[in-house]
Amino acid sequence: MKIEQAYLFLEKYAAGHYTEEEHEAFLAWLSSAPAKEIENLVARYELISEQLPAKPSRNEALIAKIESAIDNVDTKVVPIKNNPVKWWWTVAASLILGICGYLLYSVNHTDGLIASTFDTNLTPGTNGAVLTLADGSQVTLDSLGNGVIAQQSGKNILLQGGQLNYSEHVPAKHTSQSQYNILSTPKGRQFQILLPDGTHAWLNASSYIKYPVAFNGSERRVEISGEVYFDVHKDPEHPFMVAVKGNAHSKGGLVEALGTSFNINAYDNEPIQLVTLTEGSVRVTDDKTGQSALLRPSQQASYSDKQNLQVKQVNTKAVLAWKDGYFDFEDADLHSLLRQVERWYDVEVIFEKNAPNIEFGGKMSRNVVLTDVLNILKDYGVRYEMKADRKLYILSPGK
């Protein structure tokens, strides 16, 4: 097949009219096509999708997935350590095809790479959280409609379009003791909240934020764990302070901001805590050593019990991929990749002794079923077994 024939197939594919023979010929061409031709193919698809009229017979969910992938495709070949395979282009190809459960193999192909006693078409995470009120009572937000869900310290707590808001209800009675609420997201859930001071916070899966119902002191202080992105409401006279909870790898830290935007990654099972600044400036302090650093946009501070506070330049788009609906696997090894999978698909990953640890690159939508992610591992030679108790075993080579 030549590039012109590949263009023709892509038109047929987008319209839903192609034969299995044409499909197989396209995959064969794709596996050995030069990077530049695949880059041209991506650009060609954008033109095709713009010109293709909507038809009832089209698989709109599939086309939407393709378009989402194309919008965010990174047209560079990522070198993979210890393996000459150009993994990124394999993933890009799979995203262009948009085929659930197919990555150079059919979904029913059995080649000894995987074994499974459970359907791996687990749906991805969605919006949802649990709100713990000052008296300890809890409200599950997943299925509630818009409206007032509770009242705390003279404020209505509103659920509006998947976001929690606090609005004035009646004047709060003076009290020397602040009331605190906790918003937490379990595995497979994410949520947004507009804090009582107007600060916007996004919570990734397996995260929580503890905050006062009213910020009455000289500073605005909250506590978090997991991963949270903040867009802080400007109030120069009342600095915004984030206490990052310690874990098995770190004593925790403190982030001080006035009006700025930043991301904190502080999961219990991540080896280091990360603070990434996108706008403004923040001061980051490591609780263990007392070291601090003032961050500028596109800088990231990292620290742990085994590593002193360090600052480096980073790609903020990659850091915020989760917030924008994508996995970014740039420079991710198998362990870090699967920690993201654990949190988003609500599974438990167990590595057998001598299981491989491979480096990856590229990105993909977080709106795909688990099968799509596992097929990337399968194509890369990773052997796994999915059990009915939602445990994913990464097997040793040759097992």
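Is Asp 346 buried, exposed or partly exposed? I looked this up before anything else and noted that Asp 346 is partly exposed, with a relative accessible area of 36%. I record here that the model is a predicted one.

**Entry on Asp 346.** I located Asp 346 in the loop between α7 and β22. I then read its backbone angle: phi is positive, at about 55°, although Asp 346 is not a glycine. In the chain, Asp 346 follows α7.

**Entry on Arg 390.** I looked up a further residue with a positive phi. Arg 390 has a phi near 65° and is likewise a residue other than glycine. I found Arg 390 in the loop between β24 (384-386) and β25. Its relative accessibility is 30%, and Arg 390 therefore counts as partly exposed.

**Entry on the chain.** I turned next to the whole chain. I noted eight helices and 25 strands. The chain has 399 residues, of which 49% count as buried. I also looked up how far apart in sequence the contacting residues lie. Among contacts with a separation of 6 or more, 55% are between residues 24 or more positions apart. The exposed surface of the chain comes to about 18900 Å², and carbon and sulfur atoms supply 48% of that area.

**Entry on helix α7.** I examined the helix that precedes Asp 346. Helix α7 covers residues 334-345, twelve in number. From its first C-alpha to its last it reaches 16 Å, which is close to the 16 Å expected at 1.5 Å a residue. At the start of α7 I found a side-chain oxygen of Asp 333 within 3.2 Å of the backbone nitrogen of His 335.

How many of the twelve residues of α7 are buried? I noted ten, so the helix is largely enclosed by the rest of the structure. The buried residues include Leu 334, Leu 337, Leu 338, Val 341 and Trp 344. Arg 339, Glu 342 and Arg 343 are also among them. I then asked which elements the buried residues of α7 pack against. These are the strands β2 (126-127), β9 (189-194), β21 (326-328), β22 (348-351) and β25 (391-394), together with helix α8 (370-379).

**Entry on the nonpolar cores.** I looked up the largest nonpolar core and found that it has 42 residues. Leu 164, Leu 183 and Phe 230 have the most contacts inside it. Strand β12 (residues 220-231) gives the most to this core, with four residues. Apart from this core lies another, of 29 residues, among them Leu 334, Trp 344, Val 347 and Tyr 380.

I followed Leu 164 further, leaving aside its neighbours within four places in sequence. Its contacts include Leu 131, Leu 141, Ile 149 and Ile 157. Leu 183, Phe 191, Gln 192 and Tyr 211 are also among the residues in contact with Leu 164.

**Entry on Thr 260.** Where is Thr 260 placed? I found Thr 260 in the loop between β14 (253-257) and β15 (261-266). With a relative accessibility of 3%, below the 20% limit, Thr 260 counts as buried. I next listed what Thr 260 touches, not counting residues up to four places away in sequence. Phe 230, Asp 231 and Val 232 are among these residues, as are Leu 277, Glu 279 and Gly 280. Ser 281 and Val 282 are also touched by Thr 260. I noted finally that the side chain of Thr 260 reaches the backbone nitrogen of Ser 281 at 3.5 Å.

Notes
Residues numbered from 1 in each chain as written. Predicted model: local features only at pLDDT ≥ 70, side-chain atom pairs only at ≥ 80, totals over all residues. Heavy atoms only, no water. Helix = DSSP H or I, 4+ residues; strand = E, 2+ residues; numbered from the N terminus. Buried < 20%, exposed > 50% of the residue type's maximum accessible area, 1.4 Å probe, protein only. Polar contact = N/O pair within 3.5 Å; in protein donor to acceptor, adjacent residues only side chain to side chain. Contact = heavy atoms within 4.5 Å. Expected span 1.5 Å × (residues − 1). Core = buried A, V, L, I, M, F, W, Y, C linked by side-chain atoms within 4.5 Å. Areas by Shrake-Rupley, 256 points an atom, 1.4 Å probe, with all protein chains shown as cover.
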